Amino acid sequence: MMTLVAKRLLQAALMIWSIGTLSYVLMRLLPGDMAFRIAAGRYGYDNVNLAASEAVRAELGLDRPAWQQYLAWLADLVRFDLGDSLVSGLPVAHEVSHLVLHTLQLAVAAFACAVLLALPVGLFAAFRAGGWFDRCSLVASAFLRAQPVFVIGLALVLLFSLHLKLFPVAGFNGSKYLVLPAVSLALVMAAVSSRVIRHSAVGVIRSAFFDFSRVKGLSFAQSFWRHGVRNAALPVVAFLGIQFAGAIEGIVMIESLFSWPGVGHGLAHAVFNRDVPMIQAAAMALGLIFVGLNLLVDIACYLIDPRERTEP
Amino acid sequence: MSVLLQVEALSVSANDVTLLEPLSLSLKTGEALTILGETGAGKSLLVQAIMGLLPSPLQARGRVLLDGQDIGRLKPALRARLWGRQLAMLPQEPWHALDPLMPAEQQVAEVYRYVGGLSAPDALERSRQDLAGVGLAGAAERLPGHLSGGMAQRLAFCAATAGGAPIVLADEPTKGLDASRRDQVAALLRRARERGAVLTVTHNIEVARQLGGHILVMRDGRLVEQGEAEELLARPKDGYTRALIGADPQHWPDITPTDGAAREPVLTVRGLHKSRGGRLLFEGLHMTVGRGEIIGISGDSGCGKSSLGDILLGLLPADGGEIRRAPQIARHRYLKLYQDPPAAFAPGIPLGRLFDDLIGLHRLDRRRLAPLLQRLRLDPGLLQRTSVAVSGGELQRLAIARALLLEPLLLFADEPVSRLDPITAREVIALLVQSATEQDCAVLLVSHDLELLRKTCHHVVSLGGRA
Amino acid sequence: MTRRLLGLRRGQLAGLVLIAALVCFALLEGLLHGADPASQDLANPFAGPSLSEPLGTDQYGRSMLARLAAAVRLSLALSLLCVVTSATIGVAMGVVAGWRQGLLDKCMSLLLNIALALPGLVLVLLFASLAPGSFLMLYVGISAVLWVEYFRVVRAITRRVAASPQVQASRMLGFGALYCVRRHLWPAIVGPVLTLAAFGASASILALAALGFIAVGLRPPTAELGLMMVELFPYYNEAPWVLAQPILAVFLLVLGLNLLAGGEE
């Protein structure tokens, strides 16, 4: 168990280092003089002059060689000093922590919807494998998977906001605003996971140990409950780790589409504005959320599978 | 004696192809019925048809009477209610039939609880008694992955019979088990016979002998011969039955090649030892293998026979000791035959091309191939096919041909026939020993069947005993 | 029983036909129609389908046929480049790591671990921010995401094959490593790699459209499918059929590739 946590911590550290390095390169690549730009950010473009930018250069040590600046940049990272936004001038850490809360809110709602959708669909398709419901759910899933996430979001907006006027188009002001983005994300996640659930459950139902359980005298329901659920859950949960990658990609797009004030939207916005400290912080936040979710998946697998715990 | 199970003109077909010809049999209280035959004889289909477990394109015809009721006409749901209560079935591959995530005792206890209607603690208590009764008391809380093949089969036996069914059907219950474990399973089946009746499907003559009772011999979905076990095994009438019985190593003639004069050694081993997973496999092992000598290596599964081979061939480091080969001999003249023939060939590539590769690599004389194939009774047309399109026996003989092309000094044959049917196995072993001897090639023949080694080898080395 | 043609299942065949049709459409338009996708005709916005403009025009009166074909060409070219690059790198590294194991394997696995710590699109976004609007950076970013899967799959297969009796047997018979790669390893990895390639192509098409959609990908007036969707969305009331075109194009491209990959994993 501790090795699982340690592995993910190492991964998180490597991820932070690589994003930090990339951000540093990004900072150096920005056009124009860095000191001048930061001075302009502080005092406004009208008030900045050569003296002010030289003062900034001396203060921040921008005249040092590149590798020293790089080490200083990493040292700031270690102290969780993520710098100020180049656009708003506010501390980035503070801003991102707000965004993270909104993203988590959206993610939890979407995940809950996805489970409510995928579990019954996947299981019912598995119990009647090859039947009409199975085929229909396959076609629906293939259809949804062949769309970019934002097209699904767009379709929902067109239908529920512009035509039926049931939900607001975009923004963030109460739970009504949560419905469409969460449902769009949930549809995408359920499209994949319902099939994973279906395959995994069919695999278990056709397995020799399921047959043997029936032959021992247990009913289908008893066999599925005692032997099916846990064995089928293992690959489904393990697959969640892969699926979360897709979910976070979806969050970036859905938040942008619905102007949801989350990290994904913040990241896209920052990339558009080339606001490097913001890019760095938002990407790290998404990376940390992702690594954290994967750690939860690891722990869940560990708890489900007794083979992981016993000595061979 | 009352008739428990009556089968009348039961046949199985798939899309109008008959796989099992109409067959009738009856099973009385206290009786054992054994169906003997090789792979593809339709034996397993019979058991599945009685249970009502035939997979979808297969269809059964005829009548299966249980207490006078034709259960073949029951709806699937009603038929399933007989499982565990009236009909019990032992699985062919116990490891796959056990839930990998559930401790052993739970897999038996749930039957007492859900089929027998006991409370959870009572069910667990009964389960522990059962497991103790088959010598699994110490393994009750283990997961199936931590059980040996024999232990898994005993656990499966307890789980299958916990529902109290008087009739036990066993489909190849000793597949993959070595002699001592095979005998344990046969003993369990004899015990089940005392409580009701047992129908066993097997290709193993020894299991049939130990179970006694009535024997049906089947081949290609057809009944060949039947009779009481002792009589039939002693005086088989049909040619096929005779071949089947003759294929049991006990009945082999001694085919050990005549011992020549003093042989120059091709391999000398001094004080070899090896441990694996904290367990000592062997130590102080001494062995000298002379040219053309046939040496048997015996021992139960897990005793390190395969590891020994890998060490002798230089594929695995030993923990200590000395291995000396004949001087100035190329590496590729010490070779190995594998237990599972398809695993030793590149799949999807015509065998002929693989042979061409080999001939090209060592600049061999291509004309040697045809007589070698003929010697091993192989049709040259087989070379057009890929390894998956050739039977196991043919592929193992092709593997022998491939090795002999290189004129090896030593061939380590790791259980070369344990995956083959008995009649094929006998033929392959005989051809291996004869053709190797003709080339003056030494063979280290590994088998869990001591009888087989006694009939073929100059002398036998026993490993382990600790397993 | 499913019938097979060219060793493909029915669904895969449908995907192949779909992709072939889209490739033909994109290439033939360039050869036969050849209109400039950027040339505006402001007097003629949202013209309906006609003989000269079978797919109508957009808000600036640009030929939708020309723009759509150019966008499909762009998507296909990018996905092809990304897949070839990432597959070459991923397969080569996977084979080396799986076959030799040891320190090299450890280093590569560390690299893998870093790449796996970030969702793909975030990595692509980071690369995109290095040089906004640059095709090259999108290509590098998407390839940097895609190689991971090839590496993982090929490394696992290589480890299994390298330890298998078939390779042991060939080595004992005197064959060298190159022979084992050709006869044993290559046949085992080529199928999974082709499947991954089809999935990778659809992933890169989706990523390109996604970046265009959130305005951090290629810049207007490039004809790019995601970009076209954002630009046309405000006009969906006036010209829904024009908005539908890029959406349908992405859908068909991705569906075709997913089908070709074998649909279900």
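**Note on the contact between chains B and C, and on the cysteines**

1. The area buried between chain B and chain C is about 1,400 Å², and carbon and sulfur atoms give 64% of that area. The structure is a predicted model, and the remarks below should be read with that in mind.

2. Chain B brings 22 residues to this contact, while chain C brings twelve residues. On the side of chain B that touches chain C, strand S15 (334-337) and helix H12 (351-362) of chain B each supply at least two residues. The largest share comes from H12(B), which gives six residues. By residue class, that side of chain B divides into 15 nonpolar, two polar and five charged residues.

3. For charged pairing, the count between chain B and chain C is one salt bridge. This salt bridge joins the side chains of Asp357(B) and Arg183(C), with a distance of 2.7 Å from N to O. Across the interface of chain B and chain C, seven residue pairs are found in polar contact, with both residues at pLDDT 80 or more.

4. Turning to the cysteines, a search of the whole structure finds zero disulfides over all chains. Cys457(B), for its part, is in no disulfide, and the nearest cysteine sulfur, which belongs to Cys441(B), lies 13 Å away; a disulfide would need the two sulfur atoms within 2.5 Å.

5. Are Cys457(B) and Cys301(A) buried or exposed? Cys457(B) counts as buried because its relative accessibility is 6%, where buried means under 20%. Cys301(A) is also buried, with a relative accessible area of 15%.

Notes
Residues numbered from 1 in each chain as written. Chains lettered and ligands numbered in written order. Predicted model: local features only at pLDDT ≥ 70, side-chain atom pairs only at ≥ 80, totals over all residues. Heavy atoms only, no water. Contact = heavy atoms within 4.5 Å. Buried area = accessible area lost by both parts, 1.4 Å probe. Salt bridge = Lys/Arg side-chain N within 4 Å of Asp/Glu carboxyl O. Polar contact = N/O pair within 3.5 Å; in protein donor to acceptor, adjacent residues only side chain to side chain. Helix = DSSP H or I, 4+ residues; strand = E, 2+ residues; numbered from the N terminus. Nonpolar A, V, L, I, M, F, W, Y, C, P; charged D, E, K, R; others polar. Buried < 20%, exposed > 50% of the residue type's maximum accessible area, 1.4 Å probe, protein only.
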